[in-house]
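Biologist: Can you walk me through this one?
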Amino acid sequence: MNRRTTALSAAVALAAALALTGCSSDSDKPELKVSGAYMPQPVMDMAGGFLTVTNDGGTADKLTSVTSPLSDDVTIHETKDQKMVEVKSFDIPANGELKLERGGNHIMFMELKKKPKQGEKVSIELHFEKSDPIKVDVPVEAANHNPQQH
């Protein structure tokens, strides 16, 4: 019985070591990049944030939260049937992208500590299920800015 426990412990330790060293290639990890980030200049004490997360890796990931010094209440929302619904995470498919855009999925900043003006930047940090956090300086654009209209 003692030998079996020792063998099991050794197997568990080996599995943990292999998992930690990641004996697979780097392409098995998410490779995330953020582009096209912007925040329309807020007119009230709340704001929306929009950006694209591109995953060039062979493994999917999830955006799980966003933090910012601008607000203690930053959430992620999807738009369904023209209603905003807070969600716990957004999937970022392997070799795909997550688009946060007007009229769709987006970041919500509630109870702003200050109202950023057009031309300023807002610092945010994106948190993921598997990948390290990514810091982004989000430019503040005109209140009616919509890159899809160009």
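Modeller: One term beforehand: a pocket is an open set of points on a 1 Å grid over the protein atoms alone, where a 1.4 Å probe fits, with protein on both sides within 12 Å along at least five of seven lines; lining residues have an atom within 4 Å of a point. The model is predicted, so local features need pLDDT of at least 70 and side-chain atom pairs 80 or more, while totals for linings use all residues. Numbering starts from 1 along each chain, and side-chain values use heavy atoms, without hydrogens and water.
Biologist: How many residues line the largest pocket, and which lie nearest its centre?
Modeller: The lining has 17 residues, with Pro-40, Ala-47, Gly-48, Phe-50 and Arg-102 nearest the centre.
Biologist: Which strand gives the largest share?
Modeller: E2, with three residues. Strands E2 (47-55) and E8 (106-110) each supply at least two; strands are DSSP runs of at least two residues, numbered from the N terminus.
Biologist: Switching topic, how many salt bridges?
Modeller: Seven, each a Lys or Arg side-chain nitrogen within 4 Å of an Asp or Glu carboxyl oxygen. One of them joins Lys-33 and Asp-56 at 2.5 Å, N to O.
Biologist: Why does that pair tie together separate parts?
Modeller: Because Lys-33 is in strand E1 (residues 32-40) and Asp-56 in the loop between E2 and strand E3 (61-67), parts 23 residues apart in sequence.

Terms used. Helices (H or I, at least four residues) and strands (E, at least two) are DSSP runs, numbered from the N terminus.
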